[in-house]
Amino acid sequence: MQIGEIQKLLGGDAASLLEHRSRTIPASSLQLPGPDFVDRVFVASDRPPAVLGNLQRMFWSGRLGGTGYLSILPVDQGIEHSAGASFAPNPAMFDPDNIIKLAIEGGCNAVASTFGVLGISARKYAHKIPFIAKLNHNEFLSYPNIYDQTFYGSVKRAYDMGAIGVGATVYWGSHESRRQLLEVSEAFEQAHALGMFTVLWCYVRNPAFKTKSGSHETAADLTGQANHLGVTIHADIIKQKMPESNGGYNDQELKGWGKTHKKVYTDLSSDHPIDLTRYQVANCYMGRIGLINSGGASGDNDMFDAVKTAVINKRAGGMGLISGRKAFQRPMSDGVALLNAIQDVYLCKEISVA
C-alpha cells in the first residue's frame with residue numbers, strides 16, 4: 001500500500017492525520033525507532049546481553065525487520081473474552097497452528113499468546129518466529145466477573161518452550177494493582193535474568209474512572225501515568241490503548257484524587273490524537289521504551305481503523321501496533337492483508353513523525 005492508497009483509505013481524515021504538525025513535545029526530544037534502536041538505547045542500560053540479542057532478533061524479523069518498528073500479533077483474548085467470543089467469527093483460530101501461521105504469513109515481528117497456544121506448537125515454530133509468552137490473564141467464567149490478573153505459568157516455563165520474550169498485564173488504578181505490580185516486577189526480573197525481553201500490557205482499570213463525562217480509562221493523562229509506572233518496573237516495550245480523551249485527573253467527580261499539572265493540558269498535549277499519543281510516548285522515558293498501541297476490537301471498518309491507528313502511532317513517535325482481533329477474526333488471506341496494511345504505514349517514507 002503506497003501513500004496514495006493510504007490517503008484514499010483515510011478519506012476525510014487524511015489531511016488532519018498526515019499533515020498535522022505537533023507543537024507540544026518536539027520530535028527532536030524523543031528517542032525514535034530506527035535500525036540502531038537497540039544500540040542507541042538499550043546497550044547503555046542494565047539489560048543483560050542476551051536480552052539485547054533477543055530484542056534485536058525481534059526487531060529484525062518480519063516485514064518491518066530492520067526498521068525499528070514492530071508489528072505483533074496478540075492472541076490471548078480467548079482467556080478473558082472467551083474462546084467462543086474470540087474465535088466464532090473465524091473458527092479456524094481455535095487451532096493454535098493457524099494463529100502462528102497468521103503471524104508468519106502476515107509478516108509480523110512476533111506472536112504473543114498463551115502458554116497453551118505457544119506450547120502446543122513450540123517445537124514446530126519457536127525457531128521460525130519470535131514467541132512472546134503472556135504470563136497472566138483475567139477470565140470471565142467466574143461469576144460474578146472480576147477484573148484481576150492471575151499467573152497461568154512461570155517465566156521458566158516460557159523460557160523452556162522457546163519464548164524470547166514475556167508479556168504481562170497490570171490494571172493500574174484497580175484495587176489489585178499493587179499486588180499485580182509486585183508479581184509482574186518479580187517476573188520481569190526473572191525474565192531479564194534468563195535473557196528474555198519484557199512487554200507490559202499497561203492498562204488503566206477502575207469503575208470509578210467511568211464518570212458522567214465519559215471513560216477516563218483511555219484518557220491521555222491517566223494512560224500516560226500508567227506508562228510511566230510500567231517503564232519503572234523494567235518493561236522493555238509498553239502496550240497501551242490509543243488515547244481517546246484527556247483530563248481524567250481534572251474530573252470533578254474524582255476531585256481530590258491524584259496529582260497533575262496544568263501544562264500537561266496547555267503545553268504537552270492538545271485535543272489532536274497524535275498529540276495525545278505523543279504524551280503517552282513521553283511517559284515511556286521520551287521513547288526510550290517503545291510504545292505499541294493496541295488495535296482494539298473488530299468492527300465494521302477494520303481496515304480504516306487499523307491504518308488510522310498506525311498513522312497516529314507512527315506520527316506520534318510510537319514503535320508500532322499490536323493488533324489481534326481485527327486480523328484473526330477473518331479468513332487467513334484477509335487477516336494477512338490487514339496486517340500488511342498496518343506494516344505498510346511504517347514502511348511508507350512519506351509518513352513522517354509529526
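Contact here means heavy atoms within 4.5 Å, and helices (H or I, at least four residues) and strands (E, at least two) are DSSP runs, numbered from the N terminus. The model is predicted, so local features need pLDDT of at least 70 and side-chain atom pairs count only at pLDDT 80 or more, while totals for chains, interfaces and linings use all residues. Residues are numbered from 1 along each chain as its sequence is written, and side-chain values use heavy atoms, with hydrogens and water left out.

The barrel comes first. Eight strands close up in the order β1-β2-β3-β6-β7-β10-β11-β12, with parallel pairing; two strands pair if DSSP finds at least two bridges between them. On average, neighbouring strands of this sheet are turned by 25° against each other, direction ignored. Axes are lines fitted to C-alpha atoms, for helices over the stretch in contact, and angles run from 0 to 180 degrees between N-to-C directions.

Strand β6 is a handy place to look at the sheet in detail. Eight of its eight residues are buried, where buried means under 20% relative accessible area, exposed over 50%, and partly exposed in between (1.4 Å probe, protein chains only). In a regular strand the side chains alternate between the two faces of the sheet. In β6, G165, G167, T169 and Y171 point one way, and V166, A168, V170 and W172 point the other way. On one side, β6 runs parallel to β3 (residues 131-134) and is joined to that strand by three bridges, with A133 opposite V166. β6 also pairs with β7 in the parallel sense, over eight bridges, and there G167 has V199 as its bridge partner.

Further round, β10 (residues 237-240) and β11 (residues 290-294) make a parallel pair over four bridges, and I238 of β10 stands opposite L291 in β11. Helix α12 (residues 220-232) packs on the sheet, touching β6 (165-172), β7 (197-204), β10 and β11, and its direction makes about 150° with that of β7. Helix α15 (residues 302-316) packs on the sheet as well, touching β11 and β12 (320-322), at about 140° to the direction of β12.

Back to α12: its 13 residues reach 18 Å from first C-alpha to last, close to the 18 Å expected at 1.5 Å a residue. The expected span is 1.5 Å times one less than the number of residues. Its buried residues are A220, D221, L222, T223, G224, A226, N227, G230 and V231, and their cover includes β6, β7, β10, α13 (263-266), α14 (273-282) and β11. Just after the helix, H234 takes a positive phi of about 70°.

Helix α17 (residues 332-347) has 16 residues that should span 22 Å, and its end C-alpha atoms are indeed 22 Å apart. Buried residues of α17 include V336, L338, L339, I342, V345 and Y346. The buried part of α17 packs against α1 (3-10), β1 (70-75), α7 (96-105), α15, β12 and α16 (325-328).

As for the interior, the largest nonpolar core (buried Ala, Val, Leu, Ile, Met, Phe, Trp, Tyr and Cys residues joined through side-chain atoms within 4.5 Å) has 107 residues. Those with the most contacts inside this core are M58, I72, F131, L200, I238 and V311. Not counting residues up to four places away in sequence, L200 touches A168, T169, V170, W172, V184, F188, G230, I233, A235, I237, I238 and K239.

The structure also holds eight aromatic pairs. Rings of Phe, Tyr and Trp (its six-membered ring) pair if their centres lie within 6.5 Å; planes under 30 degrees apart count as stacked, over 60 as edge-to-face and the rest as tilted. F140 and Y147 form an edge-to-face pair, 5.6 Å centre to centre with 80° between the planes. Both partners are partly exposed, F140 at 29% relative accessible area and Y147 at 40%. Elsewhere, ring pairs link F37, F42 and F59 into a cluster.

Finally, I25 sits in the loop between α2 (14-18) and α3 (37-42) and is buried, at 7% relative accessible area. Leaving aside neighbours within four places in sequence, I25 is in contact with L30, L268, R278, Y279, A282 and M286. Of these, A282 lies in helix α14 and is buried at 16%. A282 and Q31 are 251 residues apart in sequence but 9.6 Å apart in space, C-alpha to C-alpha.
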